[in-house]
Amino acid sequence: MSLEQPCRVLIVDDSAVVRQILSEILASDPGIEVVGTAADPLLAREKIKRLAPDVITLDVEMPRMDGLAFLENLMRLHPLPVVMISSLTERGADTTLQALALGAVDFVSKPKLDVTRGLQGYADEIIEKVKTAARSRVRALVRASVAPKVTLASPGGASAPRPSQFRTTDRLIAIGASAGGTEALRVVLEGLPADAPAVVITQHLPATFSTAFAERLDRHSAMAVREAGDGEAVLPGHAYLPPGGKHLRVIRDGARWRCRIDDGPPVNRHKPAVDVLFQSVAQSAGANAIGVILTGMGDDGARGLLQLRQAGAPTLVQDEATSVVWGMPGAAFKLGAAEEQLPLEKIAERLLALSRT
């Protein structure tokens with residue numbers, strides 16, 4: 001798609017009212033052209049071939065084929081940027097996480113009541129996410145099995161704890177992400193062993209998603225992934241996310257770090273915000289930290305990553321080629337906050353190497 005041309009959008013939703021409202025919202029922006037609508041996935045399939053849209057908005061609950069099944073087929077056979085717009089994205093966090101795992105770029109929650117007024121209230125967000133999706137990178141879906149928790153067996157057959165290669169105060173890994181980050185974080189955590197240094201994470205997600213997201217990451221990681229509790233000690237082999245709608249900070253308590261849950265105002269329009277986490281890690285861990293920004297929209301985390309670098313911490317960002325959206329990592333790189341750019345599949349290996357220095 002040429003940057004000078006409006007992005008071409010196909011709206012897929014079984015509700016005629018929703019199709020009309022979304023058409024009006026998106027067509028109000030000169031950077032968007034609504035090329036068509038479809039009431040179900042089978043009609044959408046034909047219109048995709050005929051209209052060649054740049055972006056699809058997709059509902060989950062539809063007749064003849066549900067949205068997730070359609071999304072999976074689409075991302076395997078004809079990958080396109082997809083923004084999920086559905087009431088299920090709010091009510092069923094796991095459904096949304098499934099959609100993101102299948103390759104959806106982002107999502108917007110449809111209001112439960114008064115859809116007309118409610119969707120108009122989301123107009124700016126819908127427009128922004130559709131335009132960002134048009135610039136995103138999507139790849140063909142390759143189905144992968146869930147990674148089991150890693151255990152090591154002793155010669156006698158009983159499981160034995162793996163000797164720790166890291167001391168508590170050696171390293172603290174801080175990671176920030178947004179659009180595309182739910183899957184990028186899975187890839188990074190899958191690459192870290194059970195005895196890896198502690199990881200603290202901020203991912204932009206609605207408050208209702210945090211528990212399901214932590215559980216999903218925990219299923220894919222040898223580390224123990226959990227929502228952080230206020231005052232909880234930060235330990236090796238554990239990864240911590242903020243509970244829904246709260247900021248996560250790290251504070252120093254003598255020789256150890258602890259989680260601090262912060263219910264303060266949004267920062268950079270986000271709560272949780274990556275800058276809040278990174279700035280606290282720069283103050284509490286300094287050169288013992290490692291800062292990472294993965295794929296995401298906007299510039300949250302860029303200034304915090306710069307503070308980490310200025311404090312002596314190694315800093316890296318996901319490269320543009322493997323990012324779904326190179327907003328946050330790109331902003332950090334342009335600010336001079338990142339020492340390295342790496343493809344997603346190399347980040348875990350690099351974190352381990354840096355942790356041993």
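1. Let me start with helix α1, which in this predicted model covers residues 16-27. Its 12 residues should span 16 Å at 1.5 Å a residue, and the C-alpha atoms at its two ends are indeed 16 Å apart, so expectation and model agree.

2. Which residues of α1 are buried? They are Val-18, Arg-19, Ile-21, Leu-22, Ser-23, Ile-25 and Leu-26. You may like to look at this list with the helical repeat in mind: an α-helix has 3.6 residues a turn, so residues three or four places apart point the same way. The cover over the buried residues of α1 includes strands β1, β2, β3 and β4 (82-86), together with helices α6 (115-121) and α7 (123-134).

3. Helix α1 also belongs to a β-α-β unit: with β1 before it and β2 after it, the unit is right-handed. Strand β1 (residues 7-12) has five of its six residues buried, so "mostly covered" is a fair description. Strand β2 spans residues 32-38, and six bridges hold it parallel to β1. If you want a place to check the register, Cys-7 has Ile-32 of β2 as its bridge partner.

4. Strand β1 has another partner in β3 (residues 55-58), again parallel, this time over four bridges. Here Val-9 faces Val-55 of β3.

5. These strands are part of an open sheet of five, ordered β2-β1-β3-β4-β5 and paired in parallel. At its edges are β2 and β5, each of which pairs on one side only. Leaving direction aside, neighbouring strands in this sheet are turned by 20° against each other on average. Helix α7 lies across β1, β2, β3, β4 and β5, and runs at about 165° to β5.

6. Now to the other sheet I would like to point out. Seven strands make up this open, parallel sheet, in the order β8-β9-β7-β6-β12-β13-β14. Why do β8 (224-227) and β14 (340-342) each have a side without a neighbour in the sheet? They stand at the edges with a single partner strand each, so one side of each is left free of neighbours. From one strand to the next, the twist averages 20°.

7. Within the seven-stranded sheet, β6 (residues 172-177) and β12 (residues 289-293) run parallel and are joined by five bridges. Ile-175 is placed opposite Val-292 of β12. Helix α10 (residues 274-284) packs on this sheet, where it touches β6, β7 (198-203) and β12, and its direction makes about 165° with that of β6. Helix α13 (residues 344-355) lies across β6, β12, β13 (315-318) and β14, at about 135° to β14.

8. Thr-202 is a residue worth a visit in the viewer. It sits in strand β7 and is buried, with a relative accessible area of 0%. What does Thr-202 contact, leaving aside its neighbours within four places in sequence? The contacts are Ile-175, Gly-176, Ala-177, Pro-242, Pro-272, Ala-273, Val-274 and Leu-277.

9. How many aromatic pairs does a search of the whole structure find? There are two. One of them joins Phe-107 and Phe-209, whose rings are stacked at 5.2 Å centre to centre with 15° between the planes. Phe-107 lies in strand β5 (residues 106-109) and Phe-209 in the loop between β7 and α9 (210-220), so this pair ties together parts that are 102 residues apart in sequence. Phe-107 is buried at a relative accessible area of 7%, and Phe-209 is buried at 0%.

10. The pair of Trp-326 and Phe-333 is tilted, with 6.2 Å centre to centre and 45° between the planes. Are these two rings' residues buried or exposed? Trp-326 counts as buried at 16% relative accessibility, since the cut-off is under 20%. Phe-333, with a relative accessible area of 36%, is partly exposed.

Terms used
Residues are numbered from 1 along each chain as its sequence is written. This is a predicted model: local features need pLDDT of at least 70, side-chain atom pairs count only at pLDDT 80 or more; totals for chains, interfaces and linings use all residues. Side-chain values use heavy atoms; hydrogens and water are left out. Two strands pair if DSSP finds at least two bridges between them. Axes are lines fitted to C-alpha atoms, for helices over the stretch in contact, and angles run from 0 to 180 degrees between N-to-C directions. Contact means heavy atoms within 4.5 Å. Buried means under 20% relative accessible area, exposed over 50%, partly exposed in between (1.4 Å probe, protein chains only). A crossover is right-handed if, with the strands pointing away from the viewer, the path from the first strand over the helix to the second runs clockwise. The expected span of a helix is 1.5 Å times one less than its number of residues. Rings of Phe, Tyr and Trp (its six-membered ring) pair if their centres lie within 6.5 Å; planes under 30 degrees apart count as stacked, over 60 as edge-to-face and the rest as tilted.
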